[in-house]
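Me: I would like a close look at a single part of this chain, with each term explained as it comes up. Please take the strand that matters for the core and say what lies around it.

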Amino acid sequence: MSTYGSLHCDSVMVIAAIVLKLPCQNSPCQNNGECIPDITRTTYHCVCKTGFFGTHCEDTVCKFDFEDGIDGWEKTGTVFNNQPTYGDNPSARNRGQPANQQGDWWIGGFEDRPSKTAPPGGIQGDGPQGTLTSPFFSIRGNNISFLIGGGCDINLIRAELIVNGQVVRSETGYCNETMTRVTWDVQDFIGKRARVRLVDASSGPWSHINFDDLKGDISCKQD
Ligand SMILES: [Ca+2]
Ligand SMILES: [Ca+2]
């Protein structure tokens, strides 16, 4: 009787161990996410590493840094026809206000250096106008940030966040070519699809926008 009891007890322990492992035994969390069994031991949830989202951490953050070109951004007008700009073009003409771009490529509305071989320091000036609108992305967390410089009249020169067809955030530059980082609190829009639009609506002085390195809690996965 005691032998039977011991076997029974061992069997229960083995079965219990298998059950305890079941929710996570197939490593359902991707991209090195941690699988946490829920209290019932029948389900689980994933704790994702930084930069990953989704039930199984299958969704990744994305960024728009223009290092591989215009990345599907849509143009109107002419001001962004020769973008992105290569290198610190303001410094190449001794402007005294370095671009402070991320990497080698950025959006410089005053600039005309669309290739490495184009003459350094070339400009198109403030005359051209237009818009440049990002592909759709999904907001997954609290913050979006980017580098912005150039003109400082928000009625004429700005970056906009568009959610459900409405402009919900906007930012202009500082009448300085040097880009600085701006962060938008976007927690009100978590789960929404959004786009960023750059606007140049003037040909007057300081009517150009500099922009680069849009990133943060955003995913480019198509829902
Ligand atoms: Ca860049
Ligand atoms: Ca302009």
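The text below takes up one strand, its partners and the core.

Reply: This is a predicted model, in which local features need pLDDT of at least 70 and side-chain atom pairs count only at pLDDT 80 or more, while totals for chains, interfaces and linings use all residues. Residues are numbered from 1 along each chain as its sequence is written, and chains are lettered from A and ligands numbered from 1 in the order in which they are written.

The secondary structure of the chain comes to 2 helices and 14 strands. Helices (H or I, at least four residues) and strands (E, at least two) are DSSP runs, numbered from the N terminus. The part chosen here is strand E9 (137-150).

E9 is mostly covered, since 10 of its 14 residues are buried. A residue is buried if 20 or more other C-beta atoms lie within 10 Å of its own, exposed if 12 or fewer, and partly exposed in between, with C-beta atoms placed from the backbone. Over the chain of 223 residues, buried ones make up 31%.

Next come the partners of E9. Two strands pair if DSSP finds at least two bridges between them. E9 pairs with E14 in the antiparallel sense over 8 bridges; serine 145, for one, has lysine 215 in E14 as its bridge partner. E12 also runs antiparallel to E9, and 7 bridges join them. There, leucine 147 has arginine 181 in E12 as its bridge partner. With E13 the pairing is again antiparallel, over 2 bridges, and phenylalanine 137 is matched with alanine 194 in E13.

The largest nonpolar core has 29 residues. A nonpolar core is a set of buried Ala, Val, Leu, Ile, Met, Phe, Trp, Tyr and Cys residues joined through C-beta atoms within 7 Å. Among the members that touch the most others are Phe146, Ile148, Ala159, Leu198 and Phe211. The elements that give two or more residues to this core include E9, E12, E13 and E14. The largest share, 6 residues, comes from E9.

Leucine 198 shows what the surroundings of one core residue are. Leaving aside its neighbours within four places in sequence, leucine 198 is in contact with Ile107, Thr131, Leu132, Ala159, Ile209 and Phe211. Two residues are in contact if their C-beta atoms, placed from the backbone, lie within 7 Å. Among contacts in the chain between residues at least 6 apart in sequence, 67% join residues at least 24 apart.
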